[in-house]
Amino acid sequence: MTRTLPTTAALQAFESAAYHGSVTAAARELSLTQGAISRQIQALEQHLGAELFRRERQRIQLTPVGERYLQHVRNAFDRLEAAALELRALRRGGGVLQLAILPTYGTRWLIPRFPGFVAAHPDVQVHFTTRLVPFDFGGEDLDAAIHHGDAHWPGARLDKLMDEDVVLVCSPAYRDRLALREPADLRRATLLQMATRPHAFDEWLKQKGATGVDGRRGPRFEHHQMVLQAAIAGLGVAVVPTFVCDGELAGGAVVEATADSKLATGKGYYLARPEGRAELPALTAFRRWLLAAHGQPAPADG
């Protein structure tokens, strides 16, 4: 397949000139003459059929088209650099892993334990990105993701990490002030909602057999860490996974808002991997470590 691409030299000249806002500075950085940089940029503009810079005396300024193209060029260079780093790491038995994580799972469970993985696999580099909603592996440059919910994700293979238990928490002062004892007492409470789990209180109330409480009311927050901090601050009552608040419960920053408030949601946390894609050595290493860290059996191949 024939590609009509600009030369790397022209793209480097363009990126450097855009960064410095100066042909002279770009020439200095790339050890070329000003004339060579100007010719490379002109050739690139002719190739694209668009003006990338406005010339203003001794300075140059990106046009709107140039600003947009610069984003693509930098992304392309970043990907090429990442590919080179990954290849070098693969030759040493390591690699690069692009991993999507849930924010609270990442900060509360994974990151505190991650030094163990780094010590065991120093040649594997993991790049973390956060996701709050499901996505399609086919449309994103990701090797794996942490999934919450049921054991189903179209186009992905799943390894179970742990079941999810939740608990109803609030600050000690808030519980005492509202005299919270039973689920029905939540009529008097502010319910701290998480935007991506709008049914959390309704499901808790249903399993506890409570009636007459509107489980949908209350302020909404983006993720569990924010909800927990709101509960600690005395703003209301929150339903959070036990792994999120175990430390705060043990330390007394929060208490169970009602008696016997813990319950199993029937959902879980999973490592999701795209189907039909060869598994990278970095992913194989991370998968084995992660399952072991969760106390799960060693994974079967595939």
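**Entry 1: the whole chain**

How much accessible surface does the chain have, and what share of it belongs to carbon and sulfur atoms? I looked that up before anything else. The accessible surface comes to about 16,200 Å², and carbon and sulfur atoms hold 51% of that. Note to self: I'm working from a predicted model here.

Next I pulled the secondary structure and found 10 helices and 11 strands in the chain. The radius of gyration is 26 Å, while the globule rule gives 19 Å for 302 residues, so the chain is more spread out than a compact globule. I also checked the box that the C-alpha atoms fill: along the principal axes it is roughly 80 × 50 × 35 Å.

Then burial: 43% of the 302 residues are buried. For contacts, I took those with a separation of 6 or more, and 72% of them are between residues 24 or more positions apart.

**Entry 2: charges**

How far apart are the mean positions of the positive and negative charges? I get 3 Å, with 35 positive and 33 negative charges in the chain. A search of the whole structure for salt bridges turned up 12. The background is familiar: side chains of opposite charge can pair when their charged atoms come close. I went through a few of the pairs one by one.

**Entry 3: D159 and R273**

I started with D159 and R273, whose side chains meet in a salt bridge at 3.3 Å, N to O. Which parts of the chain does this pair tie together? D159 sits in strand β6 (residues 156–170) and R273 in strand β11 (residues 263–274), so the bridge links parts that are 114 residues apart in sequence. I looked up burial as well, and D159 and R273 are both buried.

**Entry 4: R175, D176, D202 and R216**

R175 and D176 also meet through their side chains, in a salt bridge of 3.7 Å, N to O. R175 is partly exposed, with a relative accessible area of 25%.

For D202 and R216, I find the closest N and O atoms of their salt bridge 2.7 Å apart. D202 belongs to helix α7 (residues 200–207) and R216 to the loop between α7 and β8 (220–221), so this pair ties together parts 14 residues apart in sequence. D202 is partly exposed at 27% relative accessible area, and R216 is partly exposed too, at 40%.

I then checked for salt bridges that share partners: D159, R273 and R287 are joined that way into one network.

**Entry 5: L283**

R273 came up again when I looked at L283. L283 lies in helix α10 (residues 281–293). Is L283 buried or exposed? I have it as buried, at 4% relative accessibility. Leaving out neighbours within four places in sequence, L283 is in contact with L97, D143, A144 and R273. I also took its distance to R68: the two are 215 residues apart in sequence, and their C-alpha atoms are 33 Å apart in space.

**Entry 6: S16**

Last lookup of the day was S16, which is in helix α1 (residues 8–20). Its relative accessible area is 5%; with the cut-off for buried at under 20%, S16 counts as buried. What does S16 touch, once residues up to four places away in sequence are not counted? I find A26, E29 and L30.

Note on methods:
Residues are numbered from 1 along each chain as its sequence is written. This is a predicted model: local features need pLDDT of at least 70, side-chain atom pairs count only at pLDDT 80 or more; totals for chains, interfaces and linings use all residues. Side-chain values use heavy atoms; hydrogens and water are left out. Helices (H or I, at least four residues) and strands (E, at least two) are DSSP runs, numbered from the N terminus. Buried means under 20% relative accessible area, exposed over 50%, partly exposed in between (1.4 Å probe, protein chains only). Contact means heavy atoms within 4.5 Å. The radius of gyration is taken over C-alpha atoms; the globule rule is 2.2 Å times the number of residues to the power 0.38. Accessible areas come from the Shrake-Rupley method with a 1.4 Å probe; for residues, only the protein chains shown count as cover. Lys and Arg count as positive and Asp and Glu as negative; His and the chain ends are not counted. The place of a charge is taken as NZ of Lys, CZ of Arg, CG of Asp or CD of Glu. A salt bridge is a side-chain nitrogen of Lys or Arg within 4 Å of a carboxyl oxygen of Asp or Glu.
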